[in-house]
Amino acid sequence: MSPGKQASQSEAAAPMAAGARLESMRRRVRLSRLAVWTVIAAGPVALCVAVASTPTTVAAATPAKPTAVRTAAAAADPGGYAQLFVSAWLRSSAGDATTAQARLAQSLAPDVELPDPAAGAQSKPQSVTAVRSAQRTGGAWSVTVAAQYADGSVRYYAVPVAAGGAGSSFTVTGAPGVVAGPARAEAQKSSYGVSVPEGDLSSAVGEFFSAYLTGAGEVDRYLAPGVTLSAVSPAPYPSVAVQQISAVEEAAAAEQVPADGTKVRVLVQVEARDTGGRWPLAYELALKARSGRWEVAALESGTAQDGGAR
């Protein structure tokens with residue numbers, strides 16, 4: 001084929017190829033539009049199909065069970081209120097209702113008559129303490145208050161008190177009545193029945209209390225790992241001495257320190273001395289054996305902090 005003819009065919013093919021490409025693009029555009037309209041049209045249909053195929057019974061999601069919260073406020077004990085009233089009432093006199101004590105008694109118990117002590121009579125107590133509170137029906141309470149006098153005598157008064165619904169308000173509803181004091185309860189037999197002789201345990205306890213009560217040395221060196229306990233500050237006594245140690249477990253009385261991790265509970269009788277005299281004190285301790293020595297694991301009087309065993 002001659003070059004001229006080939007060129008003529010090539011020139012003719014170029015427009016044809018361009019036209020084919022253009023037509024192909026148009027078809028793709030038409031197909032894209034068709035697809036869009038198909039999706040739009042299918043949306044409501046698909047929705048109807050989904051609704052028709054969904055079960056009519058819908059299971060509600062099980063809600064998380066809420067944590068029970070106590071909303072009822074605990075009944076407030078009116079013992080302090082009754083104590084304040086008796087203290088003011090015993091220090092007041094109907095002959096002079098303008099004194100501070102008389103006005104206080106009348107504000108706490110508007111309907112209660114003031115006493116009328118004789119001149120020179122011992123009517124003012126040294127201390128007044130609420131010793132027992134008993135709740136009656138509704139918001140009614142009966143509070144037993146002890147008044148101690150300079151001669152060592154004690155007189156007990158039963159005081160009727162009404163408490164408001166929220167326990168934020170009180171009033172004495174009647175005159176106090178003199179009653180017998182609480183009976184002495186029988187103490188349970190002590191669980192500290194093992195006598196601890198002098199030895200490693202008694203030495204460790206004595207050194208601990210010297211640091212704890214007199215400031216002689218650091219308390220930390222006598223504590224088990226993880227136990228935090230601060231010495232009494234300022235140190236209240238210049239000297240202390242352990243008088244007696246009793247234990248619950250027999251291991252506390254062993255001649256040798258037992259295996260690591262052995263734990264015992266002891267009751268320690270301590271004699272402390274200062275310029276004011278001699279003071280017999282008692283402490284409950286938990287001790288743990290470690291590396292051939294006894295270490296304090298807890299002071300059971302409530303002062304053990306993080307890490308203290310209970």
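In this predicted model, strand 3 and strand 4 form a hairpin with six residues between the strands. Within that hairpin, G167 takes a positive phi near 70°. The two strands run antiparallel and are joined by three bridges; V161 stands opposite V172 of strand 4. Strand 4 itself covers residues 170-172, while strand 3 spans residues 154-163.

Strand 3 is a good place to begin a tour, as several pairings can be followed from there. Strand 3 is also joined to strand 5, residues 177-179, again by three bridges and again in the antiparallel sense. Here A158 has G177 of strand 5 as its bridge partner. Turning to strand 2, residues 140-148, nine bridges join this strand to strand 3, and the two run antiparallel. V143 stands opposite V159 of strand 3 in this pairing. Strand 2 and strand 3 form a hairpin too, with five residues between them, and G152 in the turn has a positive phi of about 90°.

One step further back along the chain comes strand 1, residues 127-135, which pairs with strand 2 in the antiparallel sense over eight bridges. A134 stands opposite S142 of strand 2. The hairpin of strand 1 and strand 2 has four residues between the strands, and G138 takes a positive phi near 65° there. A glycine with positive phi thus appears in the hairpin of strands 1 and 2, in that of strands 2 and 3 and in that of strands 3 and 4.

A second group of strands makes up an open sheet. Five strands take part in the order 6-7-8-9-10, with antiparallel pairing. Strand 6 (194-195) and strand 10 (293-299) are the edge strands, each pairing on one side only. Helix 4, residues 200-214, packs on this sheet and touches strand 7 (239-247), strand 8 (263-274), strand 9 and strand 10. The direction of helix 4 makes about 140° with that of strand 7. At one end of the sheet, strand 9 (residues 277-290) and strand 10 pair in the antiparallel sense over six bridges, and L287 has V296 of strand 10 as its bridge partner.

Two loops around this sheet deserve a closer look. S291 lies in the loop between strand 9 and strand 10; the phi of S291 is near 55°, a positive value in a residue other than glycine. In the loop between helix 4 and strand 7 sits P234, which is joined to S233 by a cis peptide bond with an omega of about -5°.

Helices meet each other earlier in the chain. The axes of helix 2 (residues 79-90) and helix 3 (residues 100-108) come within 8 Å and cross at roughly 140°. Angles over 145 degrees would count as roughly antiparallel, and the two helices are therefore described as oblique to each other. Helix 2 passes helix 3 in a left-handed crossing. Helix 2 contributes Y81, L84, F85, S87, A88 and W89 to the contact, and helix 3 contributes Q101, L104, A105, S107 and L108. By class, the contact has eight nonpolar, three polar and no charged residues.

Two of the residues in this contact, F85 and W89, also appear among the aromatic pairs, of which the count comes to eight. F85 and W89 form a tilted pair, at 6.3 Å centre to centre and with 35° between the planes. Why are F85 and W89 separated by about one helical turn? The reason is that F85 and W89 are four residues apart in helix 2.

Note on methods: Residues numbered from 1 in each chain as written. Predicted model: local features only at pLDDT ≥ 70, side-chain atom pairs only at ≥ 80, totals over all residues. Heavy atoms only, no water. Pairing = 2+ DSSP bridges. Contact = heavy atoms within 4.5 Å. Axes fitted to C-alpha atoms, helices over the stretch in contact; angles between N-to-C directions. Parallel < 35°, antiparallel > 145°, perpendicular 65-115°, else oblique. Left-handed = near helix turned anticlockwise from the far one by under 90°. Nonpolar A, V, L, I, M, F, W, Y, C, P; charged D, E, K, R; others polar. Phe/Tyr/Trp six-rings, centres within 6.5 Å; stacked < 30°, edge-to-face > 60°.
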